[in-house]
Amino acid sequence: MSNGNRDNVGELVSRWSLPLNADGSLSIPAEVLKELGLGPGDSVVILPGNDGLVVAREIGTTAPRQQDPSTVRDTINRKNLETPIQFIKGVGPKLAEILGKKGIVTVEDALYLLPNRYEDRRQVVPIARLRPGVTGVFAGEVISADVVPTKGGRRFFEVVARDASGTISFKWFNFNPAFLKKTWKKGRRGIFTGLVSQFGLQREVHHPDAEWMAEGESVEAVMARDPVSFGRVVPVYPLTEGLHQKTLRKVMKGVVDQFAPCVESMLSPAVAGRQGLLPLADALRRVHFPNGDTDPRGLEEGKDPANRTLVFDEFFFLELGLALKKRGVTLEPGIAFAVSHTYTKPLLKLLPFSLTGAQRRVLAEIKEDMMAPHPMHRLVQGDVGSGKTLVALMAALVAVENGYQVAIMAPTEILAEQHYLNIHRWCDELGVSVALVTSSLKGKAKKEALARVAGGEAQIVIGTHAVIQDKVEFHRLGLGIVDEQHRFGVLQRGLLRKKGENPDILVMTATPIPRTLAMTVFGDLSLSVVDELPPGRTPIETRICFESRRKQVYGIIRDEVAKGRQAYVIYPLVEESEKSDLKAATQMAEHLANDIFPDLRLGILHGRMKPEEKEAVMRSFKSREIDILVATTVIEVGIDVPNATVMVIEHAERFGLSQLHQLRGRVGRGSEKSRCILMAGERLSEDAEKRLRVMESTTDGFRIAEADLEIRGPGDFLGTRQAGIPDFRVANILRDGRILEEARQEAFAVVERDPELRMPQHEKLRAELARRWGGRLELAGIA
């Protein structure tokens with residue numbers, strides 16, 4: 001066979017789903033043989049090549065190379081699943097481009113594009129039997145179709161259809177009148193599907209699906225000629241512009257029928273039996289095109305065995321990767337720190353308070369990890385004001401006592417500066433050197449800072465992602481502390497580790513993360529929770545107020561200041577822009593100082609100020625030289641002023657729940673009653689109102705986090721889509737939390753028995769894990 005033909009084989013094999021015979025031989029259709037330049041009498045061998053399968057003519061009298069039939073089958077199946085979607089019947093380049101917008105590039109992508117709901121089209125019912133709130137399938141004749149004006153000057157397109165039992169109205173509110181008039185002609189007959197609603201005495205359907213009937217054609221004939229769309233429970237897929245449900249459904253039917261058998265279940269029969277799992281191929285068939293006895297509601301709610309099978313499979317491989325990663329870290333050699341209390345005991349004497357029980361417990365867990373000869377990988381969760389920063393500083397001082405450097409990495413310059421301002425005050429007293437390294441550091445100052453880090457003079461280095469850039473070299477890094485971990489992915493954590501020789505890693509987050517989410521994103525970390533607030537804290541009363549109550553809100557601030565207390569007023573922007581109607585900090589600070597509180601002392605704090613300016617303002621506020629601090633979200637973390645008892649948050653609807661919770665945590669730090677007032681616009685979106693009502697109802701960080709996760713979903717909840725969040729194809733961490741826990745137990749049990757997946761029965765697991773998660777989880781060792 002010529003090289004030219006050989007180059008095309010991978011594409012040919014995947015384009016033609018070649019069936020494998022029971023004896024491991026391959027049946028090659030005549031049209032494929034013709035394209036390959038082979039004749040019916042030629043002998044061929046199947047060899048795995050760099051581009052998939054290589055089909056080669058047997059040369060001379062050499063016997064064909066024997067291949068393990070299961071290996072050949074696996075290779076063919078994998079190649080088939082990688083078939084570009086445009087080669088599938090009914091697709092082509094144009095539709096492939098549209099499908100690509102939904103992430104459907106290959107056959108495998110299409111198999112995992114699951115329906116978001118189902119329509120029961122097993123029976124066509126008379127119009128009189130249609131019930132509001134239920135999707136109905138019914139036949140009828142168009143008796144009128146025209147544009148209808150409303151009293152408000154708007155228009156909609158209305159069609160009235162009838163059968164022997166009654167009439168029904170169809171309506172379109174965004175429409176092309178010429179197209180609709182041409183399509184919905186009087187006297188035309190069809191089968192219609194749509195959600196029935198009631199408007200007065202008339203039943204109606206908005207934007208119905210229609211299958212038109214030819215002259216004299218019966219309903220039964222229409223259903224028979226389109227068995228994909230009628231006479232069954234029909235899948236309804238998520239669409240994108242230019243993609244029609246009927247087109248996609250036919251493509252998906254072809255894909256499922258031809259390629260679902262190529263999807264092999266990799267889990268052991270024992271795991272499948274314990275968990276009640278179906279073969280993956282059966283689960284995919286059932287979830288796309290349910291058979292007659294399947295309850296579509298179970299599929300929609302994710303409760304069907306087919307859903308469970310697909311979700312479990314997806315969670316299992318993620319958790320298998322995390323289990324390997326966790327075990328791999330614990331097996332590596334690390335630094336066995338000694339706890340000498342050289343700096344930690346003097347720090348405790350400097351503090352004007354005692355550690356809480358939770359802080360002491362978490363510190364003990366951290367110290368135990370640091371004293372072990374393997375690298376620590378621990379996540380510390382703690383609600384606002386629980387004292388995580390102090391715990392992190394104590395851990396840092398243990399490393400410094402041992403002659404090692406510490407890197408503290410924060411996601412923003414503001415947060416890095418906050419940590420620097422807080423930590424260097426204590427460290428100056430202890431004689432420990434602290435350096436700040438951010439991307440805004442330029443010229444001589446940057447050169448000096450990098451030299452101090454490289455020479456080991458800087459014992460604690462605080463910064464942004466600039467800390468993990470190539471130019472930053474540590475003299476002897478022993479501990480990396482990552483704050484607000486949800487802004488950083490697994491890869492950034494890996495880069496920080498590479499700055500030293502297997503340093504300990506401590507991750508901190510002030511966002512209480514629901515257990516299911518923590519298991520997917522931080523499953524390779526040990527978990528500590530600082531679940532106790534310092535004594536003397538008082539509950540914070542939170543209220544939503546609208547513009548009409550602004551005078552009363554200002555009155556509350558004045559009353560609190562008159563009692564000797566202090567207040568925060570928070571704005572979402574620094575300076576007003578022409579495009580925004582948000583009140584901005586600088587302009588409003590002037591307005592409050594000149595027009596509302598001319599007799600009080602106001603200060604302003606925002607992210608564009610220099611670190612020394614911010615520190616001066618915060619010092620003045622803490623020492624009660626400022627009555628009202630006007631600020632942006634720069635005060636979200638790091639300021640502890642027990643005398644501040646009221647916070648007003650302007651445009652509260654523009655903030656996320658976790659951010660509102662963080663901001664609110666700046667008050668309620670003393671023994672006096674504290675209040676948080678959420679100033680909101682008059683027109684709130686449904687999600688915005690949900691967020692603010694949650695803030696009113698609870699101060700429990702975990703309850704707030706659960707609500708935030710439900711409202712926004714995991715990607716937005718953690719700040720950015722690429723921040724280590726797995727892109728699940730079918731699983732939903734809110735709905736499927738129990739399955740996640742079960743998958744985690746099974747996956748960790750496998751790794752416990754076979755830490756490197758080297759047993760013969762785990763060979764396929766290992767290969768599939770490398771394919772799915774090798775790059776995302778930095779599992780280079782398993783490839």
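Guide: A residue is called buried if its relative accessible area is under 20%, exposed if that area is over 50%, and partly exposed in between. The model shown here is predicted.

Visitor: Which are the buried residues of α27?
Guide: Helix α27 has 17 residues, and its first and last C-alpha atoms are 25 Å apart, close to the 24 Å expected. A residue of this helix is listed as buried if its relative accessible area is under 20%. The buried residues of α27 are G737, I739, L740, A743, R744, E746, A747, V750 and V751.

Visitor: How many aromatic pairs does a search of the whole structure find?
Guide: A pair of aromatic rings is described by how far apart the centres are and by the angle of the planes. Searching the whole structure gives a number of aromatic pairs equal to 17.

Visitor: How many residues apart in sequence are the parts that the pair of F315 and F728 ties together?
Guide: The rings of F315 and F728 are 5.2 Å apart, centre to centre, with 85° between the planes, so the pair is edge-to-face, the class for angles over 60 degrees. F315 belongs to helix α13, while F728 is in the loop between α26 and α27. Both residues are buried. The pair therefore ties together parts whose separation in sequence, in residues, is 413.

Visitor: Does Y554 count as buried or exposed?
Guide: Y554 pairs edge-to-face with F597, at 5.6 Å centre to centre and 80° between the planes. This pair links distant parts of the chain, with Y554 in helix α21 and F597 in the loop between α22 and β20, 43 residues apart. F597 has 1% relative accessibility and counts as buried. Y554 has 11%, and because the cut-off is under 20%, Y554 also counts as buried.

Visitor: Which residues form one aromatic cluster?
Guide: Rings belong to a pair if their centres lie within 6.5 Å. One aromatic cluster is made of F138, F157, F170, W172, F175, W184, F192 and W212.

Visitor: At what distance from the ring centre does R729 lie over the face of Y112?
Guide: K171 has its charged end over the ring of F199, 4.6 Å from the ring's centre. R729 lies over the face of Y112, and its distance from the ring centre is 3.7 Å.

Visitor: What is the relative accessible area of H341?
Guide: H341 is in the loop between α13 and α14. Its phi is positive, near 65°, although H341 is not glycine. Most residues other than glycine have a negative phi. H341 is partly exposed, and its relative accessible area is 30%.

Visitor: Near what value is phi of R624?
Guide: R624 lies in the loop between α23 and β21. With 48% relative accessibility, R624 counts as partly exposed. Its phi is positive in a residue other than glycine, with a value near 70°.

Visitor: What arc around the axis do the buried residues of α18 cover?
Guide: Helix α18 has 13 residues, and its end C-alpha atoms are 18 Å apart, which agrees with the expected span. Its buried residues are A449, L450 and V453. They lie on the same side of α18 because they cover an arc of only 95°.

Visitor: Which exposed residues does the face of α18 turned away from its buried side carry?
Guide: The buried residues of α18 pack against β12, β13 and β14. The face turned away from that buried side carries the exposed residues K444, K447 and G455.

Visitor: Which residue with a positive phi follows α18?
Guide: Helix α18 covers residues 443-455. What follows this helix, with a positive phi near 85°, is G456.

How values were computed:
Residues numbered from 1 in each chain as written. Predicted model: local features only at pLDDT ≥ 70, side-chain atom pairs only at ≥ 80, totals over all residues. Heavy atoms only, no water. Phe/Tyr/Trp six-rings, centres within 6.5 Å; stacked < 30°, edge-to-face > 60°. Helix = DSSP H or I, 4+ residues; strand = E, 2+ residues; numbered from the N terminus. Buried < 20%, exposed > 50% of the residue type's maximum accessible area, 1.4 Å probe, protein only. Lys NZ or Arg CZ within 6 Å of the ring centre and 35° of its normal. Expected span 1.5 Å × (residues − 1). Arc of directions from axis to C-beta. Contact = heavy atoms within 4.5 Å.
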